[in-house]
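Welcome, and have the viewer ready. Below are a few exercises, each with a solution worked step by step.

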Amino acid sequence: MTDSSMGFGVNVDPGEVGLDARRLRRIDTHFSRYVDDGRLAGWQVMVSRRGKVAHLTSHGLADKEAGVPVRTDTLWRIYSMTKPLTSVAAMMLWEEGAFELSDPVSRWLPEFAEPRVYTGGPAAKPVTVPATEPIRVWHLLTHTAGLTYGFHRTHVTDELYRVAEAEMGSADLATRVRGWAKLPLAFQPGAEWNYSVATDVLGRFVEVVSGQSLDTFFSERILGPLGMTDTAFWCPEAQRHRLAALYTRAPGAPGTARIDAIGQEVMRPPVWLSGGGGLVSTTRDYTRFSWMLLRGGELDGVRLLSPRTVRYMTQNHLPGKADLATFGRPLFAETRFDGVGFGLGFAVVDNPVAYRTPTSVGEYHWGGMASTAFWVDPAEHLTVVLMTQLMPSSAYPLRSQLRQLVYQALVD
């Protein structure tokens, strides 16, 4: 099902913006197979170029059990695609002179005043040493703070996070951040890249610096001004008919299994506001966010950031312009990190050849754990958003395959 009726931007014949319509339909053919053979319940893809919608396509069901098809207003849990919004929020405050990127986070979050770093021992009795330098705002934005996630299961500190999460239960964001600050870092700040709760800590930092709760800051400073009317930290009852169900791979079978225990978490106001993964959004809304980035921080006369700030955020900030394959810890099995560095909230392509993708130098992107993804390619004036609801994101190589199919359709 292809729908060109979305009321935003300008919907054009793909040829007007240098895309081949026949080749774009390969996206539909390829990803429809994922639905037809049961690997996905449904999905939606938006391809835009030069601020114009060249391809909007959907296939399958948002809710298999209820028989609800994917529609243009379907709501999706975007999880870690929340992170770029939190990074933008922080940099909006930075543009106001509220802090410097080199400032120690402890100036605003004193719980991080004396971080310690794990050096050995079991989780029950870890050996630690003092950090050689403070955790700085820059470390949070680049995931080089030494923080981690409990779900990684690759390091002793991951286990410590799992134990702490169980103990914190229904704690709010401020309490969680204080709890994480008590745990040892996985490495010295700045020494490695590790995907982590850093952006959740950054969300708390935004709250303290701005004097607003994260949801209020988002609503008043980002979502409202950009017209992202369907993006929020939870889905109210009146909109639940639009919310896609959440699925995982069925054990021992090619199909999917519904996971309401996790999926229903967004049906009530959250106990804590996750700047690292808490938002629900639509393809329309997230495309507007991506357009703002592509246009250098401005959309429809509303400016959130300066063009220079966006360019600065979307450069590789890792030491020596290292890539994540060498400087980072292994993470997503379906995503290559060769030739990909990290900026202030985004993965950034430095070497398309090493990345094995005909994208551009400077393309930046990220995704969510339910297999959602987006990228912005300034050189090609291109933005792409993929929405679906399958956990984990490593189940299938959706992101790399979508890149393949989009770039082969560029013909100018």
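On a 1 Å grid over the protein atoms alone, a cavity is a set of points where a 1.4 Å probe fits but cannot get out, whereas a pocket is an open set with protein on both sides within 12 Å along at least five of seven lines; lining residues have an atom within 4 Å of a point. Grid points are joined across faces, edges and corners, and a volume is the space filled by probe spheres set on the points.

This is a predicted model, in which local features need pLDDT of at least 70 and side-chain atom pairs count only at pLDDT 80 or more, while totals for chains, interfaces and linings use all residues. Residues are numbered from 1 along each chain as its sequence is written, and side-chain values use heavy atoms, with hydrogens and water left out.

**Exercise 1. Find into which domains the chain is divided, and how many residues each brings to the contact.**

Step 1. Domain bounds come from an automatic or database domain assignment. The assignment gives domain 1 (20–87 + 213–408) and domain 2 (95–210).

Step 2. Contact means heavy atoms within 4.5 Å. Between the two domains, 35 residues from domain 1 and 33 residues from domain 2 take part.

Step 3. Take the C-alpha centres of domain 1 and domain 2: they lie 25 Å apart.

**Exercise 2. Describe the largest pocket: its volume, its lining and its place relative to the domains.**

Step 1. Its volume is about 1400 Å³.

Step 2. Go round the wall: 46 residues line the largest pocket, and Tyr-79, Phe-151, Glu-265, Trp-272 and Met-369 are the ones nearest its centre.

Step 3. Sort the lining by class. Ala, Val, Leu, Ile, Met, Phe, Trp, Tyr, Cys and Pro count as nonpolar, Asp, Glu, Lys and Arg as charged, and the others, Gly among them, as polar. That yields 24 nonpolar, twelve polar and ten charged residues.

Step 4. Look at the secondary structure, where helices (H or I, at least four residues) and strands (E, at least two) are DSSP runs, numbered from the N terminus. At least two lining residues come from each of α4 (156–168), α5 (173–181) and β15 (364–367); α4 gives the most, with three.

Step 5. Because domain 1 and domain 2 both give residues to the lining, the largest pocket lies between them.

**Exercise 3. Count the cavities of 30 Å³ or more in the whole structure, then compare the linings of the largest and the second largest.**

Step 1. The search finds three such cavities.

Step 2. The largest cavity has a volume of about 60 Å³. Its lining includes Leu-40, Trp-76, Tyr-247 and Gln-389, and by class it has nine nonpolar, three polar and no charged residues.

Step 3. The second largest cavity has a volume of about 40 Å³. Among its lining residues are Lys-83, His-143, Phe-342 and Trp-366, and the classes come to five nonpolar, four polar and one charged.

Step 4. Here α2 (83–95), α3 (137–142) and α6 (198–210) each supply at least two lining residues. Domain 1 and domain 2 both contribute to this lining, so the second largest cavity lies between them.

**Exercise 4. Is His-143 buried or exposed, and which side chain makes a polar contact with its own?**

Step 1. Buried means under 20% relative accessible area, exposed over 50%, partly exposed in between (1.4 Å probe, protein chains only). His-143, at 2%, is buried.

Step 2. His-143 sits in the loop between α3 and α4 and has a positive phi of about 60° although it is not a glycine.

Step 3. A polar contact is a pair of N or O atoms within 3.5 Å; within protein, one must be able to donate a hydrogen and the other to accept it, and residues adjacent in sequence count only if both atoms are side-chain atoms. The partner is the side chain of Ser-196, at 3.3 Å.

Step 4. Ser-196, in the loop between α5 and α6, is buried too, with 1% relative accessibility.

**Exercise 5. Where is Arg-240, and which backbone oxygen does its side chain reach?**

Step 1. Arg-240 is in the loop between α7 (214–226) and β8 (247–249), and is partly exposed at 31%.

Step 2. Its side chain reaches the backbone oxygen of Met-267 at 2.6 Å.
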